[in-house]
Amino acid sequence: MSTYSQLLYHIVFSTKGRMRTLNLKKRDEILSYMCGFLRNNNTHVFRINMTDDHVHIFCSIHQSECISSLIKGLKIATGKWMKSQNISPDFHGWQIGYGIFTVNWNDRQKLIEYIKNQQEHHKHTDSLAEFKKLLDEFGIDYKDAYLE
């Protein structure tokens, strides 16, 4: 018997202090690097996008991968790469934590569109309010002090 799975995740993480330090002129390069890292770590990316202070990833992670190690590795590798390439000179790192939410297969297209439209969405909502809304929607208790 083989192992079959469909593990879909929506991952969200921010820059340290939610500072607006990601260079949007280099957006395609940053997202391409992240996608390459994820592909090399048994992860299929359905959609990825970012604003100047946070990243959204919708992906399927192979069941053999440890999610926390994958995200930690992605943040470390991306941060080092951006610094070495001087991609975002004001970038000082990622927040320690992240949000990860499971996604129903039937809701995937809705999430893809949501992530695709981040720039438009954030003309009306800041990233902290958006993250709190996600936490509330998934019934996750949190303390405001740990979200900054």
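Here are three short exercises, with worked solutions, on a predicted model.

**Exercise 1.** Work out how strand S1 (residues 8–14) is covered and which way its residues point.

*Solution.* Start with the count: seven of the seven residues in S1 are buried, so by the cut-off of under 20% relative accessible area the strand is mostly covered. Next, split the strand by direction. Leu8, His10, Val12 and Ser14 point one way, while Tyr9, Ile11 and Phe13 point the other way. Residues on both sides are buried.

**Exercise 2.** Find the strands that are joined to S1, and give a residue pair for each.

*Solution.* Take strand S3 (residues 54–61) to begin with: seven bridges join it to S1, and the two run antiparallel. For a pair, look at Ile11, which stands opposite Ile57 in S3. Now go to S4, which is joined to S1 by four bridges, again antiparallel. Here Val12 stands opposite Gly99 in S4.

**Exercise 3.** Asn42 has a positive phi, and Asn86 has a positive phi too. Where does each sit, and is it buried, partly exposed or exposed?

*Solution.* Take Asn42: its phi is near 55 degrees, and it isn't a glycine. You'll find Asn42 in the loop between helix H1 (27–39) and strand S2 (43–50). Its relative accessible area is 43%, so Asn42 counts as partly exposed.

Then do Asn86, another non-glycine, with a phi of about 55 degrees. Asn86 lies in the loop between helix H2 (67–85) and strand S4 (99–102). With a relative accessible area of 53%, Asn86 is over the 50% cut-off and therefore exposed.

Notes:
Residues numbered from 1 in each chain as written. Predicted model: local features only at pLDDT ≥ 70, side-chain atom pairs only at ≥ 80, totals over all residues. Heavy atoms only, no water. Buried < 20%, exposed > 50% of the residue type's maximum accessible area, 1.4 Å probe, protein only. Pairing = 2+ DSSP bridges.
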